Amino acid sequence: LADVHATDVTVAGEFVGTLTADRHIAFAASAKVEGDFEAPTIAVADGAVVTGRVETTGERKPALQLAS
């Protein structure tokens, strides 16, 4: 069981847990996932298997910028 938070995420294999992205989650055709998924936008390719709660807000958060 994993708990992942990132800016953008692409899953092409197996994943079980919570996945949160600041901008986008993409599930490739080879993805087999189970859990809770939340991001402003989520794309699911034909053939991907997604089981669980999927929530999209439709709002993109700005990418984190490093201070100079």
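**Close-up views of a five-stranded predicted model**

**View 1. Whole chain.** Buried residues account for 24% of the 68 residues in the protein. The model is predicted. It holds five strands and zero helices, and its elements run β-β-β-β-β from the N terminus on. The protein exposes about 4500 Å², of which carbon and sulfur atoms supply 51%. Among contacts in the protein with a separation of 6 or more, 3% join residues 24 or more positions apart.

**View 2. The largest nonpolar core.** Twelve residues form the largest nonpolar core: Val9, Val11, Phe15, Leu19, Ala21, Ile25, Phe27, Ala31, Val33, Phe37, Ala39 and Ala48. Strands E1 (2-11), E2 and E3 each supply at least two residues of this core. E2 gives the most, with five residues.

**View 3. Surroundings of Leu19.** Leu19 is one of the residues of the largest nonpolar core. Beyond its neighbours within four places in sequence, Leu19 is in contact with Val4, Val9, Val11, Ile25, Phe27, Asp36, Phe37 and Glu38. Of these partners, Val9, Val11, Ile25, Phe27 and Phe37 are also listed in the core.

**View 4. The loop at Ala29.** Ala29 lies in the loop between strand E2 (14-27) and strand E3 (32-39). Its relative accessible area is 43%, so Ala29 counts as partly exposed, the class between under 20% (buried) and over 50% (exposed). Leaving aside neighbours within four places in sequence, Ala29 is in contact with Ala45, Asp46, Gly47 and Ala48. One of these partners, Ala48, is listed in the largest nonpolar core. The C-alpha atoms of Ala29 and Val49 are separated by 8.1 Å, and the two residues are 20 residues apart along the chain.

Note on methods
Residues numbered from 1 in each chain as written. Predicted model: local features only at pLDDT ≥ 70, side-chain atom pairs only at ≥ 80, totals over all residues. Heavy atoms only, no water. Helix = DSSP H or I, 4+ residues; strand = E, 2+ residues; numbered from the N terminus. Buried < 20%, exposed > 50% of the residue type's maximum accessible area, 1.4 Å probe, protein only. Contact = heavy atoms within 4.5 Å. Areas by Shrake-Rupley, 256 points an atom, 1.4 Å probe, with all protein chains shown as cover. Core = buried A, V, L, I, M, F, W, Y, C linked by side-chain atoms within 4.5 Å.
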